[in-house]
Amino acid sequence: SDSAILGADIYLGAFVYIGQNVRIADGVKLYPNCFVGDNVVIGEGTTLYSGVKIYSETVVGKHCKIHAGAVLGADGFGFAPSTEGVYAAIPQTGNVIVEDGVDIGANTTIDRATLGATRICEGVKLDNLIQIAHNVVIGEHTVIAAQTGIAGSTKIGKHCQIGGQVGISGHLKIGNNVEIAGGSGVIKDIPDNSKVMGYPAKNIRQFLKENR
């Protein structure tokens with residue numbers, strides 16, 4: 001769009017689309033077939049690899065890497081049933097905010113908030129094929145392995161380590177410095193400094209005693 005503001009020393013690959021009122025800072029790289037929707041902000045030195053889709057109103061910080069096929073800002077999964085059993089979409093009017101230094105793996109999806117923001121905080125590292133639902137917050141320098149799914153409105157603390165194929169229910173609070181082993185199912189809050197595994201996820205020592 002003519003209304004987009006592009007910084008210095010940026011790279012635009014073939015078939016990149018840039019919408020209205022987009023602001024792209026210096027040194028950004030957009031590889032072929034990227035889509036950047038209206039009113040998106042992308043910070044200095046960030047790279048979007050081929051086929052990344054950034055929906056409208058999303059904010060991406062500085063020095064982030066977003067790998068091929070990732071989608072940021074699609075509608076959250078919000079539907080209300082009628083008395084006839086027909087589902088009507090609830091408007092998803094929030095956005096996604098990705099802070100500085102975040103890595104997002106290939107084909108990972110991060111949904112926009114129903115209200116407010118879905119927030120990925122500074123230094124978070126996300127593997128491939130992760131689903132993050134509407135209004136989730138992931139705290140600073142947390143790492144999450146592939147195929148993990150996080151349901152809506154769950155808050156995850158700082159410096160957590162979450163293994164692959166973990167399922168986390170909605171509206172939970174996961175504390176700081178929590179470790180969750182791969183394949184676990186989290187259905188209740190987890191306090192700071194805990195190490196859990198299993199389904200339902202429980203203290204790792206307790207789980208190992210019960211499953212010798």
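User: In this predicted model, which residues make the nonpolar surface patch of about 420 Å²?

Analyst: The patch is made by F77, F79 and Y87, and Y87 is found in strand β14, which covers residues 87-89. Y87 counts as exposed because its relative accessibility is 57%, and the cut-off for that word is over 50%.

User: How should I read the strand order of the open sheet, and which strands are at its edges?

Analyst: Strands of a sheet pair through backbone hydrogen bonds, either parallel or antiparallel. Here the open sheet has 11 strands with mixed pairing, in the order β2-β5-β8-β11-β16-β19-β22-β25-β28-β30-β31. Its edge strands are β2 (11-12) and β31 (202-203), each of which pairs on one side only. For a single pairing within that order, take β22 (residues 143-144) and β25 (residues 161-162), which run parallel and are joined by 2 bridges; the bridge partner of V143 in β25 is Q161.

User: Strand β18 also interests me; which of its residues are on the covered face, and which on the uncovered one?

Analyst: In β18 (residues 117-120), T118 and I120 make up the covered face, whereas A117 and R119 make up the uncovered one. Two pairings of this strand can be followed through I120. With strand β15 (residues 95-98), β18 pairs in the parallel sense over 4 bridges, and V98 stands opposite I120. With strand β21 (residues 137-138), β18 also runs parallel, joined by 2 bridges, and there I120 stands opposite I138.

User: Which residues touch the most other members of the largest nonpolar core?

Analyst: That core holds 45 residues, and L126, I138 and I180 touch the most other members. I138 is thus a residue to look at twice, since it is the one that stands opposite I120 in the pairing of β18 with β21. For I180, the contacts beyond four places in sequence are Q161, I162, G163, V166, I168, I174, V186, I190 and V196. Among them is Q161, the bridge partner of V143 in β25.

User: How do I read backbone angles that stand out, and where do they occur in this model?

Analyst: Most residues other than glycine have a negative phi, and most peptide bonds are trans. N39 has a positive phi, near 65°, and its place is in the loop between β6 (35-36) and β7 (41-42). H159 likewise has a positive phi, near 55°, and lies in the loop between β24 (155-156) and β25. As for the peptide bonds, a cis bond with omega of about -5° joins Y199 and P200, and P200 is in the loop between β30 (195-197) and β31.

User: What are the relative accessible areas of N39 and H159?

Analyst: N39 has a relative accessible area of 31% and is partly exposed, and H159, with 43%, is partly exposed too. Both terms follow from the cut-offs, because partly exposed lies between buried, under 20%, and exposed, over 50%.

User: Finally, what does G149 touch, and how far is G149 from E122 in space?

Analyst: G149 lies in strand β23 (residues 149-150) and counts as partly exposed, at 26% relative accessibility. Leaving aside residues up to four places away in sequence, G149 touches Q131, V166, G167 and I168; of these, V166 and I168 are also among the contacts of I180. G149 and E122 are 27 residues apart in sequence, and their C-alpha atoms are 20 Å apart in space.

How values were computed
Residues numbered from 1 in each chain as written. Predicted model: local features only at pLDDT ≥ 70, side-chain atom pairs only at ≥ 80, totals over all residues. Heavy atoms only, no water. Pairing = 2+ DSSP bridges. Patch = residues over 30% accessible without salt bridge, like charges linked within 9 Å, V, L, I, M, F, W, Y side chains within 5 Å. Areas by Shrake-Rupley, 256 points an atom, 1.4 Å probe, with all protein chains shown as cover. Salt bridge = Lys/Arg side-chain N within 4 Å of Asp/Glu carboxyl O. Buried < 20%, exposed > 50% of the residue type's maximum accessible area, 1.4 Å probe, protein only. Core = buried A, V, L, I, M, F, W, Y, C linked by side-chain atoms within 4.5 Å. Contact = heavy atoms within 4.5 Å.
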